[in-house]
Amino acid sequence: MGSLERYPDRAYANAEEVVADHVIATYLLREPVLDIFERALGMAMEQTVGAATYRDAESATLIAAHGGKVIAIQEIPDHEHLDHPLAVDAAPDPQERTYLVQVAYPAANAAGQIPMLLTTVFGDVSQVGRIKMVDLTLPRAFLDGFRGPRFGVEGLRRLTGVTDRPLVCGILKPCIGLTVPETAALFRELAEGGADIVKDDELNGQNQPDHLRERVAAVAKEAQRIKEEHGRTVLYMANVTDRADRMLEKARIAVDAGAGAVMLTAITTGWSALQQVAEDNDVSVPVYAHSALSAPLSLSPEYGISSHIVLGKLPRLAGADMSSFSTPFGRFPARPEKWMRLSKVLRSPLGNLAPTMPMTGGGLDARVAAPALAALGRDVVLIGGGRVQGHPMGHRAGVRSLRLAIDAAIQGRPLEDAAREHRELAYLFESTSDGR
């Protein structure tokens, strides 16, 4: 075990001393660590000035200004004594030690941008050992440099006119290959079923400028007809995913052609590319950050970055008005506590940033409405994809079933009762149904 005298006092601090102007990253480490103090200090220095000890007065000044500071080291379980009657497991396995380590980094090191933020808090150290970044605390000194969502929860409710229930989003499926007339016709079906938002699938790469303009214009005409005939505003969300420069151009084309919102896969394109689109004054519509490729970053319990950072804080920081994640009930089942935490991270106070609207889906159908409402509240978008549109009565009935299920949940009625009154729900309780 190394001597604490080796380490500079300024490389350690209590959180209260640095929280105002430092980014605090929390890491979960699982590995045999002979000297956790040395390991933690090495992380703090590696991710900042690259030096583990003071060498001279000049480097001492440099480390004081830019060096990371270890502010907490917590072993799990919290062993206190080598041998004591109250210690059930007084001798931890030296080959399997688990620690939570917190390191504070000067916010100035991140240069007011997301790429440098991530490079600073999880660059090289992500490659060494079993380590996962499980939390990231951002000070006002950093948050104030970001505009955040332009519309957020309140803006989406204002645009759609829906104030008292979860929003419903339909997906244009098949994912790719629909003609322009087929796309417009399917939009109308989903809108007439009760969708508040209709989006392209993330796999739809049919967004070359001319085709994108033609498709959006055709759907915009249907959206206007829906408004005239039914008095409802249904937002069409066009997929503009591409490399950063072309994506911004396509977002502008989509908005000019009448899109009510745009979407992109924020992890494959980059959070800074999302920020560029969200902050562009010619893209004056809500921006949706799709979750594609999030699982390799967050799914492992021992490596990567927790989902509430990947799909919560980072897209909100970049300006996403909506961010999506999976439910515990569908094809990609999330843990219920993670599902709820993501929703809270997107909507809870974060500096001056507006709340981002959570979107949840992935195998969702009418049976999920009540548990989603109970767990997440009403400020959420429920995405009806293949299970909704695979309704035996068609696309329109599928969306209608989700809307009816939401109404029943708000009224506190069992879904079975509503199914006795509505054919769109009855199939869920028939013997031939794939009910769970």
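I'll start with one residue, D245, which is partly exposed at a relative accessible area of 44%. The model I'm showing is a predicted one. D245 sits in helix α9. Across the fold from D245 I looked at Q276: the two are 31 residues apart in sequence, and their C-alpha atoms are 9.3 Å apart in space.

Now the helix itself. How far should the 14 residues of α9 span at 1.5 Å a residue? The expected figure for residues 244-257 is 20 Å, and the end C-alpha atoms are 20 Å apart, so the two agree. After α9 comes G258, which has a positive phi, near 115°.

Which residues of α9 are buried? They are M247, L248, K250, A251, I253, A254, V255 and A257. As background, an α-helix has 3.6 residues a turn, so residues three or four places apart point the same way. What do the buried residues of α9 pack against? The partners are two strands, β7 (235-239) and β8 (261-265), and three helices, α8 (209-230), α10 (266-269) and α11 (271-278).

I'll take the α8 partner in more detail. Two packed helices are described by the angle between their axes and the distance between the axes. For α8 and α9, the axes come within 8 Å and cross at roughly 30°. The cut-off for roughly parallel is under 35 degrees, and α8 and α9 therefore count as roughly parallel to each other. Their crossing is right-handed. On the α8 side the contact is made by P209, L212, R213, V216, A217 and A220, and on the α9 side by K250, I253, A254, D256 and A257. By residue class, that contact has eight nonpolar residues, three charged and no polar.

Next, a second helix pair, α4 and α11. Helix α4 covers residues 114-122, and its axis and that of α11 come within 8 Å, crossing at roughly 155°. Are these two roughly parallel or roughly antiparallel? Angles over 145 degrees count as roughly antiparallel, and α4 and α11 are therefore in that class. The contact brings I114, P115 and L118 of α4 against W271, S272 and Q275 of α11. Its residues divide into four nonpolar and two polar, with no charged ones.

On to the loops on either side of α4. Before the helix, the loop between β3 (98-106) and α4 holds N109. N109 is buried, with a relative accessible area of 15%. Leaving out residues up to four places away in sequence, N109 touches T48, H66, M116 and T120. A111 lies in that loop between β3 and α4 too. Its phi is near 55°, a positive value in a residue other than glycine.

After the helix, G123 is in the loop between α4 and β4 (131-137). G123 is partly exposed, at a relative accessible area of 22%. With the sequence neighbours up to four places away left out, G123 touches Q47 and L118. G123 and Q47 are 76 residues apart along the chain, yet their C-alpha atoms are separated by 7.0 Å.

One more buried position: L143, in helix α5 (residues 140-143). L143 has a relative accessible area of 4%, which makes it buried. Beyond four places in sequence, L143 touches L138, L317, L350, G351 and L353. From L143 to G112 it is 31 residues in sequence and 8.4 Å in space, C-alpha to C-alpha.

A few backbone items to check by eye. Which peptide bonds can I point to as cis? One runs from I76 to P77, with omega near -5°, and P77 is in the loop between β2 (69-75) and β3. Another runs from K173 to P174, with omega near 10°, and P174 is in the loop between β5 (167-171) and α7 (180-193). Then there is L293, a residue other than glycine with a positive phi, near 75°. L293 is in the loop between β9 (287-290) and α12 (295-298), and at 52% relative accessibility it counts as exposed.

Last, the whole protein. There are 19 helices and 13 strands. Of the 436 residues, 52% are buried. Taking contacts between residues at least 6 apart in sequence, 77% join residues at least 24 apart.

Terms used
Residues are numbered from 1 along each chain as its sequence is written. This is a predicted model: local features need pLDDT of at least 70, side-chain atom pairs count only at pLDDT 80 or more; totals for chains, interfaces and linings use all residues. Side-chain values use heavy atoms; hydrogens and water are left out. Helices (H or I, at least four residues) and strands (E, at least two) are DSSP runs, numbered from the N terminus. The expected span of a helix is 1.5 Å times one less than its number of residues. Buried means under 20% relative accessible area, exposed over 50%, partly exposed in between (1.4 Å probe, protein chains only). Contact means heavy atoms within 4.5 Å. Axes are lines fitted to C-alpha atoms, for helices over the stretch in contact, and angles run from 0 to 180 degrees between N-to-C directions. Angles under 35 degrees count as roughly parallel, over 145 as roughly antiparallel, 65 to 115 as roughly perpendicular and the rest as oblique. A crossing is left-handed if the near helix is turned anticlockwise from the far one by less than a right angle, and right-handed if clockwise. Ala, Val, Leu, Ile, Met, Phe, Trp, Tyr, Cys and Pro count as nonpolar, Asp, Glu, Lys and Arg as charged, and the others, Gly among them, as polar.
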